[in-house]
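Here is a short report on one model. Have the sequence and the 3D view open as you read.

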Amino acid sequence: MSYLSEQLADGQFVVTAEIAPPKGTNLAPAFDEAKKFVGVTAVNVTDNQGANMRLSSLALAARLQQSGTETILQLTCRDRNRMALQSDLLGAASFGIENLLLLSGDHSKFGDQPDARPVFDLDSVQLLDMTAGLMAGVDMVGKPLNGVPRFFPGAAANPVAEPFELMFQKVAKKVESGARFFQTQAVFERRAMERFVNAMLPLGVPVIAGVLLIRSGKMARFLNHNIPGVKVPDDLVERLDKASDPMAEGIAIARETVAWAKDVCQGVHLMTLGHEDKIPEILA
Amino acid sequence: MINSELKPLEDLHRALSDFSRLFLVGCAACATACKAGGEEEVFKLQEWLMEQGKDVTGSVIIDEACHIMRAARDLRHHKNAVHEADALVVLACGSGVQAISSNVEKRVVGGLNSMFLGNVRRFGHFEEMCSLCGDCILNETAGICPVTTCAKGLLNGPCGGMEDGHCEVDPEIDCAWRLIYERLQTQQRQGVFARRVPPKNWSRRRKPGRYRLKDGES
């Protein structure tokens with residue numbers, strides 16, 4: 001059993017963080033970063049995040065897992081067909097990786113290799129279904145597995161997406177397909193998160209709120225224009241713009257989010273984008 | 001129809017650098033309708049080629065350039081002009097180009113890039129709505145194809161990039177899943193939302209496609 005699954009089952013408030021594999025083979029900086037994850041239950045390892053080509057998430061997750069850091073392997077449908085996804089999941093299990101975040105993936109258009117052919121042979125619901133099948137000992141065509149993987153599959157949601165009911169239809173399908181926890185896109189407004197968590201209550205699956213460390217008003221505007229599904233409210237952009245120390249203000253905003261998240265949901269997922277040393281301050 | 005567009009002239013210039021005498025082929029069907037390979041465009045190409053110092057030995061607009069036998073017949077009617085040419089330039093989709101190239105020994109240069117199966121919104125405006133996947137889900141999706149009009153071809157609802165009902169890939173475009181959702185609501189039915197749609201059967205789209213009418217149908 002992963003720590004993440006145990007702590008969520010216990011009703012504890014969990015903290016997850018994330019790490020991006022390097023562009024290249026030098027893993028030393030990633031191992032250094034991993035040491036800074038203080039008070040963190042598990043670390044997401046991103047999969048060609050934002051459609052930018054990096055070392056494989058499976059390789060880094062395996063190395064971190066072997067060195068004692070619990071990981072959440074992110075796996076997207078953008079770069080692999082169903083056979084590659086099944087293979088990679090079995091491979092992940094062989095390295096002792098249990099926690100998964102199963103995603104559709106950002107479109108290739110957003111990344112550094114926009115000419116690539118996006119795959120999307122499966123969508124995130126079908127990927128969850130397939131994972132449930134592997135856990136039950138069969139592959140996608142029903143053939144038995146010699147050695148059955150144990151996973152704790154999670155999924156993503158964007159609580160502020162509109163129309164809400166349409167977004168939530170898919171969330172409900174993900175639960176039917178075996179999602180055991182949700183990590184959300186970065187959220188900034190308590191009310192939006194409460195609405196989502198209330199809708200989730202009957203489904204009984206824990207929600208971990210995405211908390212993004214925004215270092216400046218400029219970064220906030222960039223996110224609003226370029227990152228699908230992220231919407232930093234105007235009043236926060238203004239706070240960051242007016243602050244004499246925007247980084248300190250960003251940390252304060254993240255800390256406030258963590259504080260209300262403790263009342264609203266079952267954890268926070270910290271996206272610190274290279275500023276992992278700020279995690280203790282955000283959690284303080 | 002099959003939407004196609006003229007290749008960049010510099011590409012065409014390079015592709016034709018070894019040839020001085022050319023026979024031109026257009027198509028009276030799709031390439032005419034999307035103004036890429038009809039009478040007018042073949043004439044314009046002829047003018048341009050002559051400006052480049054090339055000779056044009058003749059031209060033909062084939063009724064449907066993708067019809068292999070008809071292409072053969074029309075080329076036979078222009079046997080001499082074809083014979084005099086070093087190469088043929090074809091303003092038709094990739095199917096048309098191959099109907100020509102399978103009928104002549106000479107080099108065939110395609111002048112267009114084929115893009116997609118396009119619906120006509122209004123004159124000169126084309127939109128891809130069907131990607132010929134061989135496994136149609138339209139009856140469950142209120143007549144809106146997510147395989148084609150969702151940028152990721154998702155089958156179980158919108159991705160996390162949907163913003164205010166628009167697509168992450170092009171915010172000018174409505175999210176296909178929002179359109180499906182709204183039309184199903186108008187029709188007061190659940191449609192595709194009533195079930196988890198299983199992975200698509202891509203074996204139905206195995207290439208190259210082959211189809212023959214059964215005996216008695218043809």
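## Lining of the largest pocket

By class, 21 nonpolar, eight polar and 15 charged residues make up the lining of the largest pocket. This is a predicted model. The lining counts 44 residues. Nearest the pocket centre lie E128(B), S131(B), V147(B), T148(B) and C150(B).

Four elements of chain B each supply at least two lining residues: β6 (112-122), β7 (125-128), α7 (146-149) and α8 (176-186). The space in this pocket comes to about 1,600 Å³.

## The cavity

Open pockets are one kind of space; enclosed cavities are another. The structure holds one cavity of 30 Å³ or more. The largest cavity has a volume of about 120 Å³.

Its lining is made of 17 residues. C150(B), A151(B), C159(B), C167(B) and C175(B) are the ones nearest the cavity centre. The lining of the largest cavity divides into eleven nonpolar, three polar and three charged residues. C150(B) is listed nearest the centre of the largest cavity and also nearest the centre of the largest pocket.

## Two domains

Chain B is divided into domain 1, residues 2-115, and domain 2, residues 131-205. The C-alpha centres of domain 1 and domain 2 of chain B lie 38 Å apart.

## The open sheet

Which strands of chain B form the open sheet, and in what order? There are four, ordered β3-β2-β4-β5 in chain B, and the pairing is parallel. The edges are held by β3 (55-62) and β5 (107-110) of chain B. Each has a single partner strand, so one side of each is left without a neighbour in the sheet. From one strand to the next, the twist averages 25°.

Helix α4 (residues 68-77) of chain B packs on this sheet. The helix touches β2, β3 and β4 of chain B. The direction of α4 makes about 140° with that of β3(B).

## The β2-β4 pair

Strands β2 (residues 21-27) and β4 (residues 87-91) of chain B run parallel. How many bridges join them? Five bridges do. Within the pair, G26(B) stands opposite L91(B) in β4(B).

## Where to look

For the sheet, start at β2 and β4 of chain B, which are joined by five bridges, then find helix α4 of chain B packed on the sheet. For the pocket, start at E128(B), one of the residues nearest its centre. For the cavity, start at C159(B), again one of the residues nearest the centre.

Notes:
Residues numbered from 1 in each chain as written. Chains lettered and ligands numbered in written order. Predicted model: local features only at pLDDT ≥ 70, side-chain atom pairs only at ≥ 80, totals over all residues. Heavy atoms only, no water. Pairing = 2+ DSSP bridges. Axes fitted to C-alpha atoms, helices over the stretch in contact; angles between N-to-C directions. Contact = heavy atoms within 4.5 Å. 1 Å grid on protein atoms, 1.4 Å probe; cavity = no way out; pocket = protein on both sides within 12 Å on 5 of 7 lines; lining within 4 Å. Points joined across faces, edges and corners; volume = space filled by probe spheres on them. Nonpolar A, V, L, I, M, F, W, Y, C, P; charged D, E, K, R; others polar. Domains from an automatic or database assignment.
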